[in-house]
Amino acid sequence: MSMTPSEAYAAKRPFAPKEKLEEIAAAVPTPFHLYDEAGIRRNMQAVRDAFAWNPGFREYFAVKANPNPALISILHEYGCGCDCSSYTELMIANALGITGPEIMFSSNDTPAADFKLARELGATVNFDDISHIEFFEDVAGPIPETVSCRFNPGGLFQLANGIMDNPGDSKYGMTTDQLFEAFRQLRAKGAKNFGIHAFLASNTVTNDYYPALARILFKLAIDLQKETGAHIAFINLSGGVGIAYKPEQTANDIAKIGEGVHKAFDEILVPAGMDDVAIFTEMGRFMMGPYGCLVTRAIHEKKIYKDYIGVDASAVDLIRPAMYGAYHHVSVVGQPGGPDKCAAPVTDTYDVTGNLCENNDKFAVDRELPHIDMGDLLVVHDSGAHGYSMGYNYNGRLRSAEVLLHEDGSFDVIRRAETPADYFATFSVLPDIYTKLVGASKNLSGIK
């Protein structure tokens with residue numbers, strides 16, 4: 001779809017109006033991540049509806065995408081479980097009362113303590129490698145009755161519209177031969193209910209990905225059950241369903257995706273007498289990405305060989321553009337009391353930058369935008385997944401607050417911004433220096 005720069009800019013609007021953004025920014029210093037409760041709830045209900053044809057369906061939210069308990073608890077109201085990948089993520093799930101089969105533990109290069117806690121919580125363990133079976137027994141005890149294994153078919157994964165990803169270059173999962181052998185070993189060690197898991201492509205913006213993956217895994221399930229005698233209880237389509245980061249992209253339709261998986265289920269598993277197989281998903285980006293944004297303020301303009309707008313956020317708050325060159329749409333909201341620029345025609349070309357000592361610390365490069373004045377609020381879209389969660393502290397920069405916008409227009413800070421005291425808190429040498437730093441930081445409240 002071809003768009004003019006002005007049309008492309010106006011095609012994505014913030015989920016909160018200008019007045020609400022200004023109200024929140026007056027109470028919570030920028031930068032901050034803002035989340036849309038109404039959008040999260042609508043989307044979770046749509047996912048549940050799309051797979052309602054499968055009685056055992058469950059979405060396991062990928063906690064790595066956004067580990068804030070306030071947001072996970074909203075999803076859990078709709079029956080959503082947690083896909084955890086670490087000890088700390090398991091702790092978050094447990095603290096929310098999410099235990100047992102509501103946790104899918106999908107990890108790789110897994111430390112002993114992580115396996116042990118997963119076993120204690122009754123999580124369904126998704127083995128990434130065949131060697132992890134013996135390791136699990138050694139560190140966590142007997143193999144549980146319900147287990148899962150991660151499959152990697154190798155090669156390239158393609159759909160009709162081209163190559164989607166390269167599983168053969170991925171460190172995750174087992175080969176076909178290893179998968180069959182793992183099922184035999186696990187069955188011999190007492191496992192009774194088996195699952196198959198695969199993640200073959202990331203951030204797909206097509207309704208065809210899940211149905212195509214489902215057909216691969218459904219056929220594999222029939223062969224595994226026939227050759228190993230293992231009872232296939234569930235098939236986990238994992239994540240990979242993406243979002244429309246760019247304004248010209250057409251967003252995925254989860255209802256059509258669910259229909260496509262249903263059709264494959266009826267054509268492959270039902271005739272094989274396997275209509276009791278539950279379908280699981282582990283979406284993170286699709287569940288939360290569009291319902292979060294990074295709100296920041298223009299604080300400097302620099303004109304040299306290019307025109308740079310410096311904002312008070314940085315890659316500490318959203319690393320995807322710096323790490324991957326990923327596109328995130330930027331809206332200019334305007335100064336308090338000034339014109340709303342979200343629909344204004346583009347007039348200027350900017351690099352929108354943060355303050356880290358790295359030249360890739362840019363939210364946008366050569367981006368055509370409305371004119372930006374100092375003090376304008378900017379909204380960096382689609383940061384709800386892999387936004388705050390990938391934050392770090394390079395240059396001693398501190399991570400921002402997270403704010404939840406409720407359906408009635410009220411809002412709550414669901415994670416406060418870091419302070420210098422937080423940054424210094426783990427120092428364990430030179431205690432006199434630590435004491436001085438913490439003491440000094442108490443006089444710097446709110447300074448980032």
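This passage walks through some helix packing, the aromatic pairs and one loop residue in a predicted model.

Helix α5, which spans residues 87–95, makes a handy starting point. Its buried residues are Glu 89, Leu 90, Ile 92 and Ala 93. These cover an arc of only 155 degrees around the axis, which puts them on the same side of α5. That fits a familiar rule: an α-helix has 3.6 residues a turn, so residues three or four places apart point the same way. As for what they pack against, the partners of the buried α5 residues are α4 (69–76), β3 (81–84), β4 (103–106) and α6 (112–121). Just past the end of α5 sits Gly 97, with a positive phi of about 80 degrees.

Helix α6 can be read in a similar way. Here Asp 114, Phe 115, Leu 117, Ala 118 and Leu 121 are the buried residues. Looking down the axis of α6, they fall within an arc of 165 degrees, so they line one face of the helix. The cover over this face includes α5 and β4, along with β5 (124–127) and α7 (132–140). A glycine turns up just after this helix too: Gly 122 has a positive phi of about 75 degrees.

Helix α4 also packs with α3, the helix of residues 37–50. Two packed helices are described by the angle between their axes and the distance between the axes. For α3 and α4, the angle is about 35 degrees and the axes are 10 Å apart. The crossing of these two helices is right-handed. On the α3 side, the residues involved are Glu 37, Ile 40, Arg 41 and Met 44, and they meet Leu 71, Ile 74 and Leu 75 of α4. Sorted by class, this contact of α3 with α4 comes out as 5 nonpolar and 2 charged residues, with no polar ones.

Turning to the aromatic rings, the structure holds 16 aromatic pairs. One of them joins Trp 53 and Phe 265, in an edge-to-face arrangement with 5.3 Å from centre to centre and 65 degrees between the planes. Trp 53 lies in the loop between α3 and β2 (58–62), while Phe 265 belongs to helix α10 (residues 254–269), so the pair ties together parts that are 212 residues apart in sequence. Trp 53 counts as partly exposed, at 22% relative accessibility, whereas Phe 265, at 5%, counts as buried. Trp 53 and Phe 265 also belong to a cluster linked by ring pairs, together with Phe 51, Phe 57 and Phe 218.

Another pair is made by Tyr 423 and Phe 427, whose ring centres are 6.4 Å apart; their planes stand at 75 degrees, so this pair is edge-to-face. Both partners are partly exposed: Tyr 423 has a relative accessibility of 32%, and Phe 427 has 41%.

Last comes Asn 355, found in the loop between β15 (348–353) and β16 (362–369). This asparagine is partly exposed, with a relative accessible area of 30%. Setting aside neighbours within four places in sequence, Asn 355 is in contact with Ala 313, Ser 314, Asp 361, Asn 395 and Arg 397. Asn 126, by comparison, lies 229 residues from Asn 355 in sequence and 40 Å from it in space, C-alpha to C-alpha.

Technical notes: Residues are numbered from 1 along each chain as its sequence is written. This is a predicted model: local features need pLDDT of at least 70, side-chain atom pairs count only at pLDDT 80 or more; totals for chains, interfaces and linings use all residues. Side-chain values use heavy atoms; hydrogens and water are left out. Buried means under 20% relative accessible area, exposed over 50%, partly exposed in between (1.4 Å probe, protein chains only). Helices (H or I, at least four residues) and strands (E, at least two) are DSSP runs, numbered from the N terminus. The arc is that of the directions from the helix axis to the C-beta atoms. Contact means heavy atoms within 4.5 Å. Axes are lines fitted to C-alpha atoms, for helices over the stretch in contact, and angles run from 0 to 180 degrees between N-to-C directions. A crossing is left-handed if the near helix is turned anticlockwise from the far one by less than a right angle, and right-handed if clockwise. Ala, Val, Leu, Ile, Met, Phe, Trp, Tyr, Cys and Pro count as nonpolar, Asp, Glu, Lys and Arg as charged, and the others, Gly among them, as polar. Rings of Phe, Tyr and Trp (its six-membered ring) pair if their centres lie within 6.5 Å; planes under 30 degrees apart count as stacked, over 60 as edge-to-face and the rest as tilted.
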